[in-house]
Amino acid sequence: MIFSSYSFIFAFLPITFIGFFILTKFESKIPAKVWLILSSLYFYSQGSGNLLWLFVGTIIFNYILSLLIVNNNRNKKGIAAKLLLAAGLIENIGLLCYFKYTNFFIANVNAVFGTDITLKTIILPLGISF
């Protein structure tokens, strides 16, 4: 499903908005937030369903790191928070580099050193650059 498809514009988007606005009428806003999360995961699964586990894992990892950073940033020096931030950056940039640049590096190694390393079949996940 893409943003300009009829199924997105006339089905998914209205259902998501209507569900969200109905759920915001409750005293707790948690059901509305859960609805948006589930809708987002459904939308993502339509484009990169086989990599949904990676997307969810990265979300959970980044969320846990953010909680740890907030808790450790109260310390005056904030060294632990900086190390946690570095770990998050390494993980996210590492995934980006793997999915976008692995074959680029392999092709250049092959060209420079005359090797015959086969290129990997890597499917680029939806939204990896964002």
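**Figure 1. I64 on helix α3.** Here we zoom in on I64, which sits in helix α3 of a predicted model. With a relative accessibility of 45%, I64 falls into the partly exposed class, because that class runs from 20% up to 50%. Across the sequence, I64 and G88 are 24 residues apart, and their C-alpha atoms are separated by 10.0 Å. I64 also belongs to a nonpolar surface patch, which is the topic of the next view.

**Figure 2. A nonpolar patch on the surface.** Which residues make the nonpolar surface patch of about 470 Å²? I60, Y63, I64, L67 and L68 do, with I64 carried over from the previous view. L68, one of the five, is placed in helix α3, which covers residues 52-72. Its relative accessible area is 37%, so L68 counts as partly exposed. I64 is in the partly exposed class too, at 45%.

**Figure 3. T58, a buried threonine on helix α3.** Staying with helix α3, we move to T58. Is T58 buried or exposed? Buried: its relative accessible area is 15%, and the cut-off for that label is under 20%. Setting aside residues up to four places away in sequence, T58 touches E91, N92 and L95. Helix α4 spans residues 79-113, so the numbering puts E91, N92 and L95 within that helix.

**Figure 4. T102 on helix α4.** Another threonine, T102, has its place in helix α4 (residues 79-113). It comes out as buried, since its relative accessibility is 13% and the limit is under 20%. Which residues does T102 contact once neighbours within four places in sequence are left aside? The list reads C97, K120 and I122. For a sense of scale, take W53 as a reference point: T102 and W53 are 49 residues apart in sequence, and the C-alpha to C-alpha distance is 20 Å.

**Figure 5. F20 and its contacts.** Now for helix α1, residues 6-23, where F20 lies. This phenylalanine is partly exposed, with a relative accessible area of 22%; the buried label would need a value under 20%. Ignoring neighbours within four places in sequence, F20 is in contact with A32, W35 and L36. Helix α2 takes in residues 30-48, so A32, W35 and L36 fall inside its range. S39 makes a handy landmark here: F20 and S39 are 19 residues apart in sequence, with 9.8 Å between their C-alpha atoms.

**Figure 6. S39, tucked into helix α2.** The landmark from the previous view gets its own panel, and S39 is found in helix α2 (residues 30-48). How does S39 rate, buried or exposed? At 8% relative accessibility, S39 is buried. Apart from residues up to four places away in sequence, S39 touches F12 and T16. Those contacts run to helix α1, because residues 6-23 make up that helix and F12 and T16 are numbered within it.

**Figure 7. An aromatic cluster.** F12, met above as a contact of S39, turns up again in a ring cluster. Its fellow members are F3, F8, Y42 and F43, and ring pairs link the group together. Widen the search to the whole structure and there are 12 aromatic pairs.

**Figure 8. Stepping back to the whole chain.** To put the close-ups in context, the predicted chain has four helices and zero strands, and its pattern along the sequence is α-α-α-α. What radius of gyration does the chain have? The value is 20 Å, whereas a compact globule of 130 residues would be near 14 Å. Along the principal axes, the C-alpha trace spans about 65 × 50 × 20 Å. Buried residues account for 21% of the 130, and T58, T102 and S39 are among them. Of the contacts with a separation of 6 or more, 42% come from residues 24 or more positions apart. Finally, the chain exposes about 9,800 Å², with carbon and sulfur atoms supplying 73% of that area.

Technical notes: Residues numbered from 1 in each chain as written. Predicted model: local features only at pLDDT ≥ 70, side-chain atom pairs only at ≥ 80, totals over all residues. Heavy atoms only, no water. Helix = DSSP H or I, 4+ residues; strand = E, 2+ residues; numbered from the N terminus. Rg over C-alpha atoms; globule rule 2.2 N^0.38 Å. Buried < 20%, exposed > 50% of the residue type's maximum accessible area, 1.4 Å probe, protein only. Contact = heavy atoms within 4.5 Å. Areas by Shrake-Rupley, 256 points an atom, 1.4 Å probe, with all protein chains shown as cover. Patch = residues over 30% accessible without salt bridge, like charges linked within 9 Å, V, L, I, M, F, W, Y side chains within 5 Å. Salt bridge = Lys/Arg side-chain N within 4 Å of Asp/Glu carboxyl O. Phe/Tyr/Trp six-rings, centres within 6.5 Å; stacked < 30°, edge-to-face > 60°.
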